[in-house]
Amino acid sequence: MSLSSCVTRTRVVTKPATQVNLVKKAPRHYKIVKVKGKRYYFWNGNHYKKTRRGYVIVRV
């Protein structure tokens, strides 16, 4: 009979929070792009996704 435990300690690694670029209002000359059925907004060389608070840069 062994009195040792089978439990091992795990190490939790957390990533630092990433900075989110939020744009409150889209400019006049944006384009709507659909990728895999989802709608994205394109302007200034970046793709954005619409949220309740504004537009957030995403990778497509």
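**Strands, turns and an aromatic cluster**

Student: In the hairpin of strand 2 and strand 3, which residue takes a positive phi?
Tutor: Keep in mind that this is a predicted model. The hairpin has two residues between its strands, and strand 2 and strand 3 pair in the antiparallel sense over five bridges. Most residues other than glycine have a negative phi. The residue here with a positive phi, near 50 degrees, is Lys36.

Student: Is Lys36 buried or exposed?
Tutor: Lys36 sits in the loop between strand 2 and strand 3. Exposed starts over 50% relative accessible area. Lys36 comes to 84% relative accessibility, so it counts as exposed.

Student: What is the phi of Asn44, and where does Asn44 lie?
Tutor: Asn44 also counts as exposed, because its relative accessibility is 68%. Its position is in the loop between strand 3 and strand 4. Asn44 is a residue other than glycine with a positive phi, near 55 degrees.

Student: How many helices and strands does the protein have?
Tutor: Going along the sequence, the pattern reads β-β-β-β-β. That comes to zero helices and five strands.

Student: In what order do the strands of the open sheet come?
Tutor: The sheet has five strands with antiparallel pairing. Its edge strands are strand 1 and strand 2, each of which pairs on one side only. Four bridges join strand 4 (residues 46-50) to strand 5. Written out, the order is 1-5-4-3-2.

Student: Which residue stands opposite Tyr55 in strand 5?
Tutor: Strand 4 and strand 5 run antiparallel. Opposite Tyr55 you'll find Lys50.

Student: And which residue stands opposite Phe42 in strand 3?
Tutor: Look to strand 2, which pairs with strand 3 over five bridges. The residue opposite Phe42 is Lys31.

Student: How many aromatic pairs does a search of the whole structure find?
Tutor: A pair of aromatic rings is described by the distance of the centres and the angle of the planes. Searching the whole structure on that basis gives four.

Student: Is the pair of Tyr41 and Tyr55 stacked or edge-to-face?
Tutor: The ring centres of Tyr41 and Tyr55 are 5.3 Å apart, with 80 degrees between the planes. Planes over 60 degrees apart count as edge-to-face, so that is the label to use. This pair is edge-to-face.

Student: How many residues apart in sequence are the parts that Tyr41 and Tyr55 tie together?
Tutor: Tyr41 lies in strand 3 (residues 38-43), while Tyr55 lies in strand 5 (residues 55-58). Both Tyr41 and Tyr55 are buried. The pair therefore ties together parts whose separation in sequence, in residues, is 14.

Student: How are the rings of Trp43 and Tyr48 arranged, stacked or edge-to-face?
Tutor: Trp43 and Tyr48 are both buried. Their rings lie 3.9 Å apart, centre to centre, with 5 degrees between the planes. Planes under 30 degrees apart count as stacked. The Trp43 and Tyr48 pair is stacked.

Student: Which residues do ring pairs link into a cluster?
Tutor: You've already met Tyr41 with Tyr55 as an edge-to-face pair, and Trp43 with Tyr48 as a stacked one. The full cluster is Tyr30, Tyr41, Trp43, Tyr48 and Tyr55.

Student: Which residues make up the largest nonpolar core?
Tutor: Buried residues are 13% of the 60 residues in the protein. The largest nonpolar core has five residues in all. They are Ala26, Tyr41, Trp43, Tyr48 and Tyr55.

Student: Leaving aside its neighbours within four places in sequence, which residues is Trp43 in contact with?
Tutor: Trp43 belongs to the largest nonpolar core. One of its contacts, His29, lies in the loop between strand 1 (22-23) and strand 2 (31-35), and counts as exposed because its relative accessibility is 73%. The full list is Val23, Ala26, Pro27, His29, Tyr30, Tyr48 and Tyr55.

Student: Which element has the lowest mean pLDDT?
Tutor: Where pLDDT is low, the predicted coordinates should not be read in detail. The protein averages 86, and 85% of the residues score at least 70. Among the elements, strand 3 has the highest mean, 96, and the lowest, 89, belongs to strand 1.

Conventions:
Residues numbered from 1 in each chain as written. Predicted model: local features only at pLDDT ≥ 70, side-chain atom pairs only at ≥ 80, totals over all residues. Heavy atoms only, no water. Phe/Tyr/Trp six-rings, centres within 6.5 Å; stacked < 30°, edge-to-face > 60°. Buried < 20%, exposed > 50% of the residue type's maximum accessible area, 1.4 Å probe, protein only. Core = buried A, V, L, I, M, F, W, Y, C linked by side-chain atoms within 4.5 Å. Contact = heavy atoms within 4.5 Å. Pairing = 2+ DSSP bridges. pLDDT = per-residue confidence, 0-100.
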